Each structure stands twice: as C-alpha cells, then as structure tokens.
Amino acid sequence: MLELRLVQGSLLKKVLDAIKDLVTDANFDCSSTGFSLQAMDSSHVALVALLLRSDGFEHFRCDRSVSVGMNLNNMAKMLKCASNDDIITIKSDDGGDAVTFMFESPNQDKISDFEMKLMDIDSEHLGIPEAEYHAIVKMPSSEFATICKDLSTIGDTVMISVTKEGVRFSTKGDIGSANIVCRQNTSVDKPEEATIIEMQEPVSLTFALRYLNSFTKATPLSSSVTISLSSELPVVVEYKIADMGYLRFYLAPKIEDEGDES
Amino acid sequence: MLELRLVQGSLLKKVLDAIKDLVTDANFDCSSTGFSLQAMDSSHVALVALLLRSDGFEHFRCDRSVSVGMNLNNMAKMLKCASNDDIITIKSDDGGDAVTFMFESPNQDKISDFEMKLMDIDSEHLGIPEAEYHAIVKMPSSEFATICKDLSTIGDTVMISVTKEGVRFSTKGDIGSANIVCRQNTSVDKPEEATIIEMQEPVSLTFALRYLNSFTKATPLSSSVTISLSSELPVVVEYKIADMGYLRFYLAPKIEDEGDES
Amino acid sequence: MLELRLVQGSLLKKVLDAIKDLVTDANFDCSSTGFSLQAMDSSHVALVALLLRSDGFEHFRCDRSVSVGMNLNNMAKMLKCASNDDIITIKSDDGGDAVTFMFESPNQDKISDFEMKLMDIDSEHLGIPEAEYHAIVKMPSSEFATICKDLSTIGDTVMISVTKEGVRFSTKGDIGSANIVCRQNTSVDKPEEATIIEMQEPVSLTFALRYLNSFTKATPLSSSVTISLSSELPVVVEYKIADMGYLRFYLAPKIEDEGDES
C-alpha cells in the first residue's frame, strides 16, 4: 500500500512539466526514504534524477519499497487537472496495476480522483558517485533560462567557461557569435538573486543547447540553479525543491577542439 | 424600423462569442418583448436559446415583429471591433436587406458604423415546454468550465450524477478514468461561489463533452451556471444575462448502458 | 571607429521590431548628426525613414560618415537578447566587416557581446522634400492601430477622409462595410490622448490596409501618431522617438474612383 499526501501539490505539477518532454516513460521508486526517479531521456544523452524526501509529505505511507512505471505524458495530463492550491495524494495498492491521483481543493468542496494504468518498464538504476567538481556556479534560475534561450537563437552549442571573475557563456552560428558574461555578485537584496562562483580550477566545457533549454523547464521549481562542472564529468544542473529534495539533470560535454581544455 | 440601443455593449459581444462556433446562420427574432434567438447547432444535436428582454435596452424600438437572418461569424467579426465599454445600437429598416451595428465610445469621440447584409434563413421555431426537472445544480460557471475541459483530456463523454450530497462528473478513456465530486456548499463569501443542489430524485445522465465544452464559451456572461437534469429530457445549461435574460443550451443525453438509470 | 551608447536600449529593440517585417536588409547611415536609415520595403511600395539624433545617445563617436549594411531580421534576433532595461552599445571598426552589439545590465552584473557580419547593400538615398500637407491628424497611436486592425477584418483598403469635424476611416468587403469617425478632441486628461486635426482643405485618400497594419508595429515607440495627408503625395505616418528623432513610414495612395477627390 502506497499513500503519499502532498499539501503543496503544485510542486508535483511543476516536476512533471519539467521532465515530461525529456522522458516518456519512467519508474518512480518509492521507499521509506522518499519518492524518487532516475531516467535517461529518450535519446539516451541526458539523465534526470528526482528526489522528494518522505518528510516533505504531510502523510507518507510506503509499506515496502516499490517501483511504479508511468507514462509521464499521461501523468502530466492528469496532474494538469489539479488546481495549483490543491492537495495531491498518490495512492496505489500493492500488486495493483493502477495508481490514483486524488486532488482536494483547499476548502474540501471538490474532490477529484484520476486513475491511471501502471506500466512495466525495464530500467537499470545507475549509481551516481559523489564527485568533486572544478567549479560550481549558483545563479538565478530565470537568468540561466534566459541565457540558454537567447544563445539558441544564434547557435546550437554553448561553451561554459568559469574563471574567478565570472562565468562566460559563448556560442557561434551562421548569423554571428555571442558571449555573455555573468559576474560573481553576492551583494544583492534577495539571496536568490546572487551569482556565486566556487572554483577549484578554471574549466571550459561545451554542451548542446537543446538539452540545457529542456532542463530550464524546471525553472518554476526554484529561484536559483546550481551548475556543477568538471572536465571529466557530466555537468549537473540542479534545481532544489523547497525543503523536500531536488530535480537534477546530468549531461555529458561535447568533445570538440574548442571545448578541449586539457 | 428596428433600433435597439444597448449600453452594456460587451454583453452582445460575449453572446456572439459564446454561440458563433455552435451555430453558423440564425434568425434573430425581434418583437416588443425583446430580442431573441433559437437555433440548432450545425449537426442538429444541440439547441441554443437566447433572450434579451426589451426592458434591458436603453432604447428599444421595434415597430413590428420581425426575423433578421444573420451569419453569426460575420456578426461576431463586426462586434469584435466594438470596445468593451462601447454602447452598441442595432438598426435595420423594415424590408431592408441590411443591418447596421453602431458603436459609440463612452466619451462620443469615436463612432463606428458596421453594415452587414441580411440573409434568408429557413427555420422552424420549436416550442420548448416548461418542464419539471429531477435535479437542478447551480454552481460557479468557471468551475463547470474547468471540469468539462479537464475531463475532456481523459475521455469523450461525461456522466453527470446528482445525489443529495453533491454532483459527480465521471469519464473514462484510453489513459485512465476520472471522477470529480462537487459538494453542495452554501456557506461562501460571495453568492456566485455557491454550489446549490435541488434534487427531487437522483439522476445520472451521460453527455458528449464536445458540446458541453462548447456551451462553456458562455462563461464570461455569468459567474454561475444552472444545470437542469431529468432522465427523459435534454439537459439545460443556462447562463443568466444580468437583468436582461438568458442564454440556454439544450442537449439530449447519450443512451448508454452506464447512463441508463431507469 | 563607430561607438554609439544608448542608455534606453529598449528604443532600439522597438525600432527593429517595427521595421523588420517590412524591410529585410538595409544600410544604417551614421554621421556626426546621428544614426539613420532609409529603405524601401521589399515590394518597393512603402518607404521607411528612421532618425536617432546623436545628442540622444549617452556617448556618440563616429569618426567619419559610414554606411553599415545589416540584415534586419538577424539584427532583431540579437537585440531580442537584450533586456528592456539594458544599455546597448553599437560598435564597429572602420573598414571592419562586423558590428558588435553590447548589452549591459543596469547593475553591470551581466555583459553580453553579440557580433554580426555586415553586408554590402546597394541602396540609393531618396531625397524627401519638405512638403505642405492638406491635413495633419495627430491621434493616439493605439487608437490608430486598433482602427487599422478592425477594418482589415472587413476589407483590404481604407479610405481616410479628413474634414474639420474629424477623420473618417472607411472600408468595404464581402461581408459588409464599415465607417469609423474620430472627432477632434483636445479636452483630454493626458495630451497623448488628444485627437488634433489641422486642415488646410478636405482630403480623401485610399490606402492598402496591409501596409498601414505593418506601420502600426511601431505603436510601442510612441503614444501618439501623426498622419500627414495630401492628394498628390504619399501619406506620412510618423512615430516620434522621445527626444531623439522619429520613425516615419511613407505610402502612396491607391488610385481608385472612390479615392479620387480631384
């Protein structure tokens, strides 16, 4: 028996909106720790990892660890029917072949039950080792989204270069080239507007903008984003989910002459 | 000679927006009582009935009862050119083949005249007898619109079931099923937010969501909607038009095993 | 060496949005006087003339008069990447084949450089003689835009007729006809809401709505528009650019029986 009650139901709506275009079908893993997901995108280039810790739910009952396979597009369609202030409960019987999403309006006037068939999905869980990164950039998530969108009007890839002074995003295309530099900036009114750079050594890596743009669909989840870069590792683009966990995207850098810093 | 001056011109704009996708051409009937319309939708499944009583107009001159045939899409195009705070006057000479819509801006700076050719339309006026309904549900019109839109992401038809406790909207489709229950609720801050159920006997009927979704285009006309249900009669979905009349939609239930309550 | 620094960078964004659909490639002329452009639309029917005077720039360095050819669509794409409150600097080396647009965020946290290849464009500069107009109408730019848009739902051309009482916009089409009259009105709260008519003699001219609708893309540049009409001359539709200059559109009237006032 699975019964997870999330008062801030809009968080789950935002998570689905953020990943449904990247991943078609996926297993959600539920254990006493929490509700999580790990899935490759359909072209097997990017990895998505979600964690919603059990203590962030108002009620979290998970009698035994279980994997529930869902079509994310259908799940997103159902969650779209929840209002932003609805309480969402996910329910599933052990060994059952369906999951129920229950939406309760704040004043309990309107109760909706949406039932969806579960799927059998083959998936292997990748161990993602804790790693040391050459540089970690924390910046406003909307700023990062704007930069990725702007640069993709010019080119297909972005080189992200970090120095102590700031982080540079560069691209090139048929109509010209573009460089955007964001400087470290901690003297801001609100902490989420800060741009903070922690650098062990300079790093410069190139990525496909198509994927970064897809990751930025998670922008509504958090006002800041953390980008962790290392020359031998996939970049990690992380959006914290208030007090509950995170949504992380992993993407391998492109091997290009201009992106080669070694 | 016909001359109808409506200070709240936006009402007429909203009426046309609500019915132009359902009905292509229609006769408007004008008599000393008011300005009315009765028309079947183009697939002859739903019926639209409009009444704007003469006393709701600032000036209402209708020398003799007359039917004026109009293409509702063209009429809607012209009314779209009126601002929401414009005064609208409808004018037509007896025996003439055209109608003029005059729009006056509130400060009289801008006067527009749009002239449209009339059409000859065959139509028979159906007598709609007063009926007793098993159940009458009054609910916020935006709530009803959201429910119809949400359910049509899952299925094609909706079963509406009324009991004393509330009204249940259910559907089923390829990706799963959905049930939405709205409870009777009269303890609200604003009367238009109430959900009120008057029930003689329980009733459960199935309708095509395509038509209900079309009816909900009238939502801007009124903050509440009244749904009258009886097992032997078409459902009536009514939007009151402030102090002037109503826009009503009639739709026969689908005969299905699951919809059969007798 | 060219270096033009414009604190109100959004003005340049609005200028490009206003002309990029009308003109594909164009030479910008830069001299000590200012930054200007004159170009025919791609069908050689309308003429666009832009002037941004040098004293409106925070910094204006132009060592020698120069023409820089640009693809306006690509330029608009790059300017779209500037925020509305960014400072925009246009830079180009003498004899260079590229132009750089630099965008600085107000707090200097984010600096962007967009570089675009220049083009060689043949163009002849037309001398536009100062002319006397039969009638000059100044009206709210949003009002003019609404009228052009509304009338194009009915017809393809508009006859603009000016008398002392007001200006009349008329059209005719398959579904009917429309007349919109705007009266002279100077007793308004804000001067930009006034409609002011200066008339030497009545004038009535017909224009293609397609072009007028294109001109009204300049509406965000100014809250009022000036329309100068004379029976032997192209109409001039002018949008002032705050303290810096103007964006003007010229369009020859259609020679039609009904448009012929001589």
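## A briefing on a predicted three-chain model

Leu126(A) sits in the loop of chain A that runs between β9 (110-117) and β10 (135-140). Keep in mind that this is a predicted model. The briefing starts from that loop residue, then moves through chain A as a whole, a sheet built from strands of chains A and C, the relation between the chains, and a few residues worth a click in your viewer.

**The loop around Leu126(A)**

- Leu126(A) is partly exposed, at a relative accessible area of 35%.
- Setting aside residues up to four places away in sequence, Leu126(A) touches Gln38(A), Met40(A) and Leu47(A).
- One of these partners, Met40(A), is 86 residues from Leu126(A) in sequence, while their C-alpha atoms are 9.8 Å apart in space.

**Chain A as a whole**

- The secondary structure of chain A consists of four helices and 18 strands.
- With a radius of gyration of 20 Å, close to the 18 Å from the globule rule for 262 residues, chain A is as compact as a globular protein of that length.
- The C-alpha trace of chain A spans about 55 × 40 × 35 Å along its principal axes.
- How much of chain A is buried? Of its 262 residues, 56% are buried residues.
- Among contacts in chain A with a separation of 6 or more, 63% are between residues 24 or more positions apart.
- Chain A has an accessible surface of about 12000 Å², and carbon and sulfur atoms account for 45% of that.

**A sheet shared by chains A and C**

- Strands of a sheet pair through backbone hydrogen bonds, and the pairing can be parallel or antiparallel.
- Here nine strands make up an open sheet with antiparallel pairing, in the order β15(A)-β11(A)-β12(A)-β13(A)-β9(C)-β8(C)-β7(C)-β1(C)-β5(C).
- Which strands stand at the edges of this sheet? They are β15 (203-208) of chain A and β5 (59-62) of chain C; each has a single partner strand, so one side of each is left without a neighbour in the sheet.
- On average, neighbouring strands of this sheet are turned by 15° against each other, direction ignored.
- The two chains meet in this sheet where β13 (residues 176-183) of chain A pairs with β9 (residues 110-117) of chain C, in the antiparallel sense and over seven bridges.
- For a concrete pair to look up, Gly176(A) has Met116(C) as its bridge partner in β9(C).

**How the chains are related**

- Two copies of a chain are related by a rotation about an axis and a shift along it.
- Chain B superposes on chain A with an RMSD of 0.0 Å, through a rotation of 120° and 0.0 Å of shift along the axis.
- In chain B, Pro220(B) has the C-alpha nearest that axis, at 17 Å from it.
- A turn of 120° and a shift of 0.0 Å along the axis also lay chain C on chain B, again with an RMSD of 0.0 Å.
- That is the relation of a three-fold axis.
- In chain C, the C-alpha nearest the axis belongs to Pro220(C), 17 Å away from it.

**Positive phi at His44**

- Where is His44(A) found? It is in the loop between β3 (34-40) and β4 (46-53) of chain A.
- The phi angle of His44(A) is near 55°, a positive value in a residue other than glycine.
- His44(A) is exposed, with a relative accessible area of 59%.
- In chain B, His44(B) is found in the loop between β3 (34-40) and β4 (46-53).
- Phi of His44(B) is near 55°, again positive in a residue other than glycine, and His44(B) is exposed at a relative accessible area of 60%.

**Two buried residues of chain B**

- Is Thr100(B) buried or exposed? With a relative accessible area of 17%, Thr100(B) is buried, because buried means under 20%.
- Thr100(B) belongs to strand β8 (residues 98-104) of chain B.
- Beyond its neighbours within four places in sequence, Thr100(B) is in contact with Thr89(B), Ile90(B), Lys91(B), Asp113(B), Phe114(B) and Glu115(B).
- Ser214(B) lies in helix α4 (residues 209-215) of chain B, and this serine is buried, with a relative accessible area of 11%.
- Not counting residues up to four places away in sequence, Ser214(B) touches Ala18(B) and Leu22(B).

Notes. Residues numbered from 1 in each chain as written. Chains lettered and ligands numbered in written order. Predicted model: local features only at pLDDT ≥ 70, side-chain atom pairs only at ≥ 80, totals over all residues. Heavy atoms only, no water. Least-squares fit on C-alpha atoms with pLDDT ≥ 70 in both. Buried < 20%, exposed > 50% of the residue type's maximum accessible area, 1.4 Å probe, protein only. Pairing = 2+ DSSP bridges. Axes fitted to C-alpha atoms, helices over the stretch in contact; angles between N-to-C directions. Rg over C-alpha atoms; globule rule 2.2 N^0.38 Å. Contact = heavy atoms within 4.5 Å. Areas by Shrake-Rupley, 256 points an atom, 1.4 Å probe, with all protein chains shown as cover.
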